[in-house]
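Please open the model in your viewer and keep the sequence panel beside it. The tour below moves from one selection to the next and says what is found at each stop.

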Amino acid sequence: MVETGKSSLERLTLAEARAAVVAGRVSAAALAEEHYERIAAVDPEIHSYLALTRERAMAQAERVDAAVKAGGPLGALAGVPVGIKDVLTVKGVATTAGSKILEGYKPPYDATAVARLEAAGAVVLGKLNCDEFAMGSSNENSAYGPVKNPRALDRVPGGSSGGSAAAVAAGMCVASLGTDTGGSIRQPAAFCGVVGVLPTYGRVSRYGLIAFASSLDRVGPFARSVEDAAVMLEVLAGPDVMDATCSQEAVAGYAAEAKKDVAGLRIGVPEEYFGEGLNAEIREAIERALDGLRAAGCSIHKVSLPHTRYAVPTYYVIATAEASSNLSRFDGVRFGLRSEDAGTLAAMFRNTRDEGFGAEVKRRILLGTYVLSAGYYDAYYRKAQQVRALLTRDFVQAFEKVDAIVAPVTPTAAFKLGEKTDDPLQMYLEDIYSVAASLAGICGMSVPCGETAAGLPIGVQVLGKHFDEATMLRVGAAIEGSGNRK
Amino acid sequence: MSEGNGAVTLEEVRHVADLANLELTAEELPRMAKDLNAILGHIAQLNELDTSTVEPMAQVGEALGMAPAEAGETLRVDGVRASVDRGAVMAEAPESDGRFFKVPKVIER
C-alpha cells in the first residue's frame, strides 16, 4: 500500500465505525466525508468507483446523526459507509453493470439488498466497478476500465466484484455489496485480502440485481472481518415479496453465531482441491489454517468431491446459456443505449448490441446461444444439468460426514493486469475452486490467511451446507483469529 | 459434441450470432470461432461421464428435495399494491411518447 499512502480507514471495522457513530464520537456525516476524501486521494489510481452518491449519502448520514441526537433506535449499520456493486440498482443513480449498453441508465427503484442496508442505517457512498455484466475474473472486462489491486497496483483485484473488494481493502468504504455467480465475491476477496461471503442460493433477495445467470446469481457482502461480514449478512438475509426465488428459511443471528467456539466441529479437506495446479504458498497457508483449527478443537477429515474437475466445463455451459437468455433484454428499446445506426427494427437491435456489448459478453452470448440451439441442447445443456446434479450430490454426501469444508479459493495469488486477457479459457480456469459451490448452491466464503513471500494476500475458502452460514462463519472466524495473518 | 467433435465453422458462428441478434465484424468472426472451439473442446470432457441415469438439475431447490409450496404459502398476497411509477420507467427509454416505447417502423405501407 506504499503507493497509495496509509490510512487508518483501511483498518476501521464495521463494529468500530458503528460504535463511534452511536456514541457520538464521530458523526455519520463526518465519517462519510472522510471516506469521500480518501476516495478523492486514492481512487484515481485504483478506479473502484464508477459513480458517487454524495447527496444521497449525506441525507442518510444526517438522518442517522439526528437519530443519535434524539436517542432514537439505531440500526445494525448506523452510519456505516458502504459501496454497492454496479449490477445492483440504486434509484436515480447511474447503474451500468460495467457495460456501455447501460450507459446513463438511472433505474427507477432500489434493489432490496440496497434498501435493507439503508434501512439498517448504512450510508451508500457510490457504485463500484465490476466486469461487464459480472462476467470476468479480473475486472478487466469493465467497459469503464479495470480496477487495480490496492495491495499491488500492477495486479488485478479479481473479478467480477473487483471494485467491491478493492474499495474495502483500500479504505474507501467499510463494507460493500458484491455478487457471485461462479466466484465473483470469493476470488476478489482472496486477491485483495478482505472477507467475502457467498450466501446460500436464495438466502439474499435478488430484486434489483441485473441478471447474469439466474440459477447461480447471488448477492453477498465484503468486509474487513468475519464478524463484520456476519453483521452485513444478518441485515441482508431473509424472504422478500419482490423475489420469488428468495427462501423463507429462518435467518440465524449470524453475528452471534460467528463468535461461537469451534471445538468439536468436523472439518473436511477435499483432496481434489489440492492437486498439481495449486501454488505451494497457498497450500502452506491452508495447512497452517488447518493446524489452527485442529488446535482449536476441530477434527480434520479427508473428503472426496470426485466430480470437481468437471465443474468449470459444466459452469460455462449453464452460465452462458442463462446469460444468452437474460441479456436478450438489452436491445435499445426500453433502457440504456440505442444505436444511432437504426434504420430498421432489426438493424437497431443488432447495431445496439454490437456497439453496447464488449468482447467477453459477446463471446458468452454466442457460446450460450450455441449450446441451446437446435441439435445441441441435449448434448450440452442437458448434459451439463446432469453433471450439475452429480457435483451437488458430491457436496451433500461430504456434508453427511463433516460440518464445513476448507479449501483454496484460487490456484494462485493475484495475477498481473493483462496476463490472461488473450486467452479466455485460461481465464475461465481461474474459477476452478469456486464454481462447484456455485453450481451446488451451498454457502461459501473467503477469509484472509497470510501473504505470499511477495506480499500478495492469500484467501482460504470455507464452504458450508445449504443455509448453514452460521457454522461456516464460525469456522471462518476461527481461521481469521488463529494467528495465520503475517 | 459426442460424435466426431467437428470444429465450429465460421458459417456456424455467423448463424449463432444471427440467432443472438449480434452483428460480428469481419475481424471478430474468426476470433470468436477460435475461442468457441477452444472452450467447446474443454467442455467435451463432460462426455467422460455416464449420466444416463441422472436427472438433470435446473434449480438448487431440487437438490435439497424442496417441494414447491402446494398451498402457495410462499407466494405474496394477490392484491393491488403500489408499483414503480410509469413515468419514471418511460423516462429511461431511448425514445418514448410517455406511454409507449417507440422503435423504427416495422411495417411499410
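A residue is called buried here if 20 or more other C-beta atoms lie within 10 Å of its own, and exposed if 12 or fewer do. Bear in mind throughout that this is a predicted model.

Begin by selecting helix H3 of chain A, residues 54-70, and colour Ala57(A), Gln60(A), Ala61(A), Val64(A) and Asp65(A), which are buried. These residues cover an arc of only 140° around the axis, which puts them on the same side of H3(A). If you turn the view to the face directed away from that buried side, you will find the exposed residues Glu55(A), Ala59(A), Ala66(A), Lys69(A) and Ala70(A). For a check on the helix geometry, pick the two end C-alpha atoms of H3(A): they are 24 Å apart, which agrees with the 24 Å that its 17 residues should span at 1.5 Å a residue. Just after the helix, Gly71(A) takes a positive phi of about 70°.

Next, show what surrounds the buried side: the buried residues of H3(A) pack against helix H1 (14-22), H2, helix H4 (112-119) and strand E3 (123-128) of chain A. Of these partners, isolate H2(A), residues 28-46, whose axis lies 7 Å from that of H3(A) at an angle of about 150°. Angles over 145 degrees count as roughly antiparallel, and H2(A) and H3(A) are therefore described in that way. Where they meet, H2(A) brings Ala28(A), Ala29(A), Ala32(A) and Tyr36(A), while the residues of H3(A) include Arg54(A), Met58(A) and Glu62(A). By class, this contact has 8 nonpolar, no polar and 3 charged residues.

Now move to chain B, which has 4 helices and 0 strands, and in which 17% of the 109 residues count as buried. Select the side of chain B that touches chain A: 43 residues of chain B are in contact with 57 residues of chain A. H1, H2 (28-43), H3 (60-63) and H4 (86-90) of chain B each supply at least two residues of that side, and H2(B) gives the most, with 7 residues. By class, the side of chain B that touches chain A has 30 nonpolar, 7 polar and 6 charged residues.

Finish at Leu10(B), in helix H1 (residues 10-19) of chain B. Is Leu10(B) buried or exposed? With 12 C-beta neighbours inside 10 Å, Leu10(B) counts as exposed. Leaving aside its neighbours within four places in sequence, Leu10(B) is in contact with Leu29(B), Pro30(B) and Ala33(B), and a distance drawn between the C-alpha atoms of Leu10(B) and Leu29(B), 19 residues apart along the chain, should read 6.8 Å.

How values were computed. Residues are numbered from 1 along each chain as its sequence is written. Chains are lettered from A and ligands numbered from 1 in the order in which they are written. This is a predicted model: local features need pLDDT of at least 70, side-chain atom pairs count only at pLDDT 80 or more; totals for chains, interfaces and linings use all residues. Two residues are in contact if their C-beta atoms, placed from the backbone, lie within 7 Å. Axes are lines fitted to C-alpha atoms, for helices over the stretch in contact, and angles run from 0 to 180 degrees between N-to-C directions. Angles under 35 degrees count as roughly parallel, over 145 as roughly antiparallel, 65 to 115 as roughly perpendicular and the rest as oblique. Ala, Val, Leu, Ile, Met, Phe, Trp, Tyr, Cys and Pro count as nonpolar, Asp, Glu, Lys and Arg as charged, and the others, Gly among them, as polar. The expected span of a helix is 1.5 Å times one less than its number of residues. The arc is that of the directions from the helix axis to the C-beta atoms.
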